[in-house]
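The following exercises concern the interfaces between chains and the fold of a single chain. Each task is followed by a solution in steps.

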There are 4 protein chains.
Amino acid sequence: MCDFSEISNELVNFRNERDWAKFHNPKDLALAINIEAGELLELFLWKGADEANQAKVKEELADVFCYAFLMAEKYGFDIKQIMTDKIKLNAEKYPVEKSKGTSKKYNEL
Amino acid sequence: MCDFSEISNELVNFRNERDWAKFHNPKDLALAINIEAGELLELFLWKGADEANQAKVKEELADVFCYAFLMAEKYGFDIKQIMTDKIKLNAEKYPVEKSKGTSKKYNEL
Amino acid sequence: MCDFSEISNELVNFRNERDWAKFHNPKDLALAINIEAGELLELFLWKGADEANQAKVKEELADVFCYAFLMAEKYGFDIKQIMTDKIKLNAEKYPVEKSKGTSKKYNEL
Amino acid sequence: MCDFSEISNELVNFRNERDWAKFHNPKDLALAINIEAGELLELFLWKGADEANQAKVKEELADVFCYAFLMAEKYGFDIKQIMTDKIKLNAEKYPVEKSKGTSKKYNEL
């Protein structure tokens, strides 16, 4: 058994011990991901690009991961697979020769 | 080599081939996570809890994961470790006997 | 003098008394709007559509408005004007006869 | 009649002509505010603090305002009142003598 399923199992145990599956519908998990992403963002507010408190970044980024894992589990997604698929799609949208060194969106390339 | 580092390497290769590391400071990665989280949320707007388009959820959730991985890589975080640490913290904030079956926040338990 | 400029002046005074204009660049104001929007969203997490605490909604929604006003002020936008312009644009994207009673996005109509 | 109620009436007419009130529950309006805030944020991604496209900022900021107005209308909030109330609260959390020139959060002052 490998990383993704290990952590996913840990999260599912945590959730089930608390009988929280009934709250964890996909829509509310999407809200949770956004809320945690907002808390992560707050660590950078009014600050330079590298000035966030690293210990807090660890915690808030971990929260984003936790809810993202729980959503993947809810849908039965294979995280590695959906990421690999998306990287492939992005490689088509952003061919190296066109996108190298520029931060433009694919529809502006 | 296990899941997390495999995917992380794939993402780093993708980024480096395009010379994008220079854009990927922690603050902008936090923005990117929020933007992708917002696109994921949009799939649920005006809809019931389970009515989002699954194929699109796959893509938007994968985007959240990709930028979360890239932020972890930027800081040199061990994703498995920060998640395990956070689950432990949450277990203290939400002891089973107090939090079972309720969606209250820890400061309202 | 009317509502928008009155409130805007109040906010600008509040900001200037604290010498905060130097932090309030457009990018960080966009972060602030997102962070406050996330706090507003949290009041609805794991809850039915009407179950948020109204007193807290008032506060978080007010925060969203405050930073949105400060961003408008930063750019010198006339809030009434940009809203009226956007309503006109949306009326073209969502003609009554096509969009009546449906929550579909304009590109799916 | 003043700015806030004029614009609010315009938005309510727009919504009612399309029979959209049934979709506009407070929770989904909170989602909409977050989604639009995310689109506003995207205009600043990988960019300097002042490098966003102003014409697009106008549109996305207007979208944030529109949904914020619609949420206020849904609850029957007086926008001017909730903003004035919040500014007063913030003035207590951030007294001038403590907060002048610093971007620290109130709990770190």
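**Exercise 1. Characterise the polar side of the interface of chain D and chain A.**

Solution. The model is a predicted one.

Step 1. Start with polar contacts: across the interface of chain D and chain A there are 4 residue pairs in polar contact, counting pairs in which both residues have pLDDT 80 or more.

Step 2. Locate the residues on the chain D side. Helix α2 (residues 26–42) of chain D gives the largest share of the side that touches chain A, namely 5 residues.

Step 3. Sort that side by residue class: it comprises 3 nonpolar, 1 polar and 6 charged residues.

Step 4. Turn to the salt bridges, of which there are 6 between chain D and chain A. One of the pairs that satisfy the 4 Å limit from nitrogen to carboxyl oxygen joins the side chains of Glu42(D) and Lys105(A), at 2.9 Å, N to O.

**Exercise 2. Determine the extent of the contact between chain D and chain A, and how the two copies are related.**

Solution.

Step 1. Count the residues: 10 residues of chain D are in contact with 10 residues of chain A.

Step 2. Take the buried area, which is about 760 Å², with carbon and sulfur atoms giving 48% of it. Lys27(D), Trp46(D) and Ser103(D) supply 40% of the area that chain D buries against chain A, more than any other three residues.

Step 3. Superpose the copies. A turn of 180 degrees with a shift of 0.0 Å along the axis lays chain D on chain A with an RMSD of 0.0 Å. This is the relation of a two-fold axis.

Step 4. Compare the surfaces used. Of the interface residues of chain D, 100% are also interface residues in chain A, so the copies meet through the same surface.

**Exercise 3. Describe the interface of chain C and chain D by area, polar pairs and contributing helices.**

Solution.

Step 1. Establish the extent: 66 residues of chain C are in contact with 66 residues of chain D. The area buried between these chains is about 6,200 Å², and carbon and sulfur atoms give 71% of it. Phe65(C), Met83(C) and Ile87(C) supply 10% of the area that chain C buries against chain D, more than any other three residues.

Step 2. Count the polar pairs. Between chain C and chain D there are 6 salt bridges, including one between the side chains of Asp3(D) and Lys80(C) at 3.5 Å, N to O. Residue pairs in polar contact, both at pLDDT 80 or more, number 27.

Step 3. Assign the chain C side to helices. At least two residues of this side come from each of α1 (3–17), α2 (26–42), α3 (54–75), α4 (79–93) and α5 (96–99) of chain C. The largest share, 15 residues, comes from α3(C).

Step 4. Classify the residues: the side of chain C that touches chain D holds 39 nonpolar, 11 polar and 16 charged residues.

**Exercise 4. State which secondary structure chain A contains, and set its radius of gyration against that of a compact globule.**

Solution.

Step 1. List the elements: chain A has 5 helices and 0 strands, and its pattern along the sequence is α-α-α-α-α.

Step 2. Compare the radius of gyration. Chain A has 17 Å, whereas a compact globule of 109 residues would have a value near 13 Å.

Step 3. Add the dimensions: along the principal axes, the C-alpha atoms of chain A fill a box of roughly 50 × 35 × 25 Å.

Key
Residues numbered from 1 in each chain as written. Chains lettered and ligands numbered in written order. Predicted model: local features only at pLDDT ≥ 70, side-chain atom pairs only at ≥ 80, totals over all residues. Heavy atoms only, no water. Contact = heavy atoms within 4.5 Å. Buried area = accessible area lost by both parts, 1.4 Å probe. Polar contact = N/O pair within 3.5 Å; in protein donor to acceptor, adjacent residues only side chain to side chain. Helix = DSSP H or I, 4+ residues; strand = E, 2+ residues; numbered from the N terminus. Nonpolar A, V, L, I, M, F, W, Y, C, P; charged D, E, K, R; others polar. Least-squares fit on C-alpha atoms with pLDDT ≥ 70 in both. Rg over C-alpha atoms; globule rule 2.2 N^0.38 Å.
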